[in-house]
Amino acid sequence: MVTQEELEKMSPEEISALQKQNCIFCKIISGEIPSKKIFEDDKVVAILDIRPATKGHILILPKEHYPILPLVPPDVFKRLFIQTKFLSNVLKKTLLCSSVSLFIANGAVAGQQSPHFLFHLIPREKNDGLTFLDLPVNSEFVSFQKDIASSLKNNLEIMMKNHVKREGKKLIPEVKLSEEERREKVFAIIEENKDARALLRKSPVEFKKLISENDDLKNIFLGVDLEKLSEKLNELPEEEIQKPKPEVFLGSDPLEQKNRVFKYFDEKPKAKELLMDDVVRFKELLSSRPDIQEIFKDIDIDKLSEKLNEVKK
Amino acid sequence: MNHLFSDSLISIDLSDAPVSKGHIIVSPVRDVKNLIDLSDDEISTLFFGASYSATALFELIGAHGTNIFLTEGNSKLELNVVARKENDGLNMLWNPTELSSSDMDGIFNKLKDTVDKLIWERDNPEEAKKAKEVISVKKEEIVEEKGKKNILFNIFNRKP
């Protein structure tokens, strides 16, 4: 037993070692204390909570002892949350629950009771009576939120930039893609690129590796189930996947042309209106502006106007 | 909402409906409603964003602790990061459900079976696909069999 006096003289490292030595969850992980372990890999363990909020409530924790989330090293951190996805699926498939809640407490004030970092994954049902996350909103805090916004913004930008750098990646700005736009882009890439198509047919895993090397492609294929896409693709004979006949965008890279034109229309909505309302005047405008001519090079202007009006209808 | 940060995967904003002084929302850019639908990159970046937000609240406003939580639902996933201070009046405790040891054993066995099944399916995709096909054929046969029985049943029960 360590006295208060001895504790005060200890370095943070010594205190951490002492906590680890006495940690009940380290003993659960090593098997010294019995538990209901439903899952484990080399870094992560999930056990049933003995004081569950609902049936099937589990605790997810790293195998190594870390007292709080910010001290969990990146490789363990990633594994913890990737396995959380898997475990949420396990809860839903087994208990047929409609959703799950995830709850983390950092620090004693926030309700952290264990010196070993862990978090809760709780199966939920509509009207299950669990209200601990239905917190009262206090509108008086809104002005405080506004006061701290700019300092938070600066700090978070620096932290996220450093994080991306540590990961050996580049910060990619947010690109708003609707699901329809994403699908359209994915299909265009598959239709136009024979090699990519062949690789996706043969091995979705290899295809994933290929797109992970390119930030733009990674963003376009975000959330796309490559296994399923490969399966569907293999149901179609190669000759049936024909490149659609170009109608409007007649250049060598129709996708790039389309993006270029719609970016211009986003910046100049009046030009888009003019093209839709009066093609002749739009062509007159083009003839007097070489900079715009470059944007609309190899594009069937009449067809584009027609298509835009069709979409509007 | 006061916007704080965004990249191709996540967006970080200050909550419009704060429950404490220092309430941040971290959400995926894509319209995703369930954890399982996030990519590995998205889910780890989402929680890194939440962890950095918690650290920023600790450093900037002197939070004594933070809670990070979400509940899946009908709308887009939102991860709440809430700054905590002593006696802030927030209560995030639940009353534990009383379960008998046989109930606990039952849930444990069911969960363990699902874990083993999903891991086997992930590690043996070809065999899992074949097994699913066999099950689907069996199901069709059962439905067909039931249909035949119904025809016989209808003939015998035909009223004059």
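User: In what order do the elements of chain B run from the N terminus on?

Analyst: A chain is read from its N terminus, element by element. In this predicted model, chain B follows the order β-β-β-α-β-β-α-α. That amounts to 3 helices and 5 strands.

User: Into which domains is chain B divided?

Analyst: Domain bounds split a chain into segments that may be examined separately. For chain B, domain 1 covers 2-84 and domain 2 covers 101-156. The C-alpha centres of these two domains of chain B are 39 Å apart.

User: What confidence does the predictor assign to chain B, and where in the chain is confidence lowest and highest?

Analyst: Confidence is read first for the chain and then for its elements. Chain B has a mean pLDDT of 88, with 89% of its residues at 70 or more. Within chain B, helix α3 (residues 125-156) has the lowest confidence, a mean of 71, whereas strand β5 (residues 79-84) has the highest, at 97. For the complex, the predictor reports an ipTM of 0.85 and a pTM of 0.73.

User: How many residues does each chain bring to the contact between chains A and B?

Analyst: An interface is read from both sides. Here 68 residues come from chain A and 67 residues from chain B. On the chain B side, β1 (2-6), β2 (10-14), α1, β4 (65-71) and α2 (101-123) each provide at least two residues. The largest share, 15 residues, belongs to α1(B). By residue class, the side of chain B that touches chain A consists of 34 nonpolar, 21 polar and 12 charged residues.

User: In which sense do β4 of chain A and β4(B) pair, parallel or antiparallel?

Analyst: Strand pairing is read from the bridges between two strands. Strand β4 (residues 99-106) of chain A pairs with β4(B) in the antiparallel sense, over 6 bridges. As one example, A:Leu102 has B:Leu70 as its bridge partner in β4(B).

User: Which members of the largest nonpolar core touch the most other members?

Analyst: A core is read through its best-connected members. In this core of 75 residues, those touching the most other members are A:Ala46, A:Ile58, A:Ile60, B:Val26 and B:Val81. Helix α1 (residues 40-61) of chain B gives the most to this core, namely 9 residues. Beyond its neighbours within four places in sequence, A:Ala46 contacts A:Ile38, A:Phe39, A:Ile58, A:Leu59, A:Ile60 and A:Leu87. Another core, of 6 residues, lies apart from the largest one and includes A:Leu200, A:Ile211, A:Ile220 and A:Leu222.

User: What percentage of the residues in chain B is buried?

Analyst: Of the 160 residues in chain B, 38% are buried.

How values were computed
Residues are numbered from 1 along each chain as its sequence is written. Chains are lettered from A and ligands numbered from 1 in the order in which they are written. This is a predicted model: local features need pLDDT of at least 70, side-chain atom pairs count only at pLDDT 80 or more; totals for chains, interfaces and linings use all residues. Domain bounds come from an automatic or database domain assignment. A nonpolar core is a set of buried Ala, Val, Leu, Ile, Met, Phe, Trp, Tyr and Cys residues joined through C-beta atoms within 7 Å. A residue is buried if 20 or more other C-beta atoms lie within 10 Å of its own, exposed if 12 or fewer, and partly exposed in between; C-beta atoms are placed from the backbone. Helices (H or I, at least four residues) and strands (E, at least two) are DSSP runs, numbered from the N terminus. Two residues are in contact if their C-beta atoms, placed from the backbone, lie within 7 Å. Ala, Val, Leu, Ile, Met, Phe, Trp, Tyr, Cys and Pro count as nonpolar, Asp, Glu, Lys and Arg as charged, and the others, Gly among them, as polar. Two strands pair if DSSP finds at least two bridges between them. pLDDT is the predictor's confidence in each residue, from 0 to 100.
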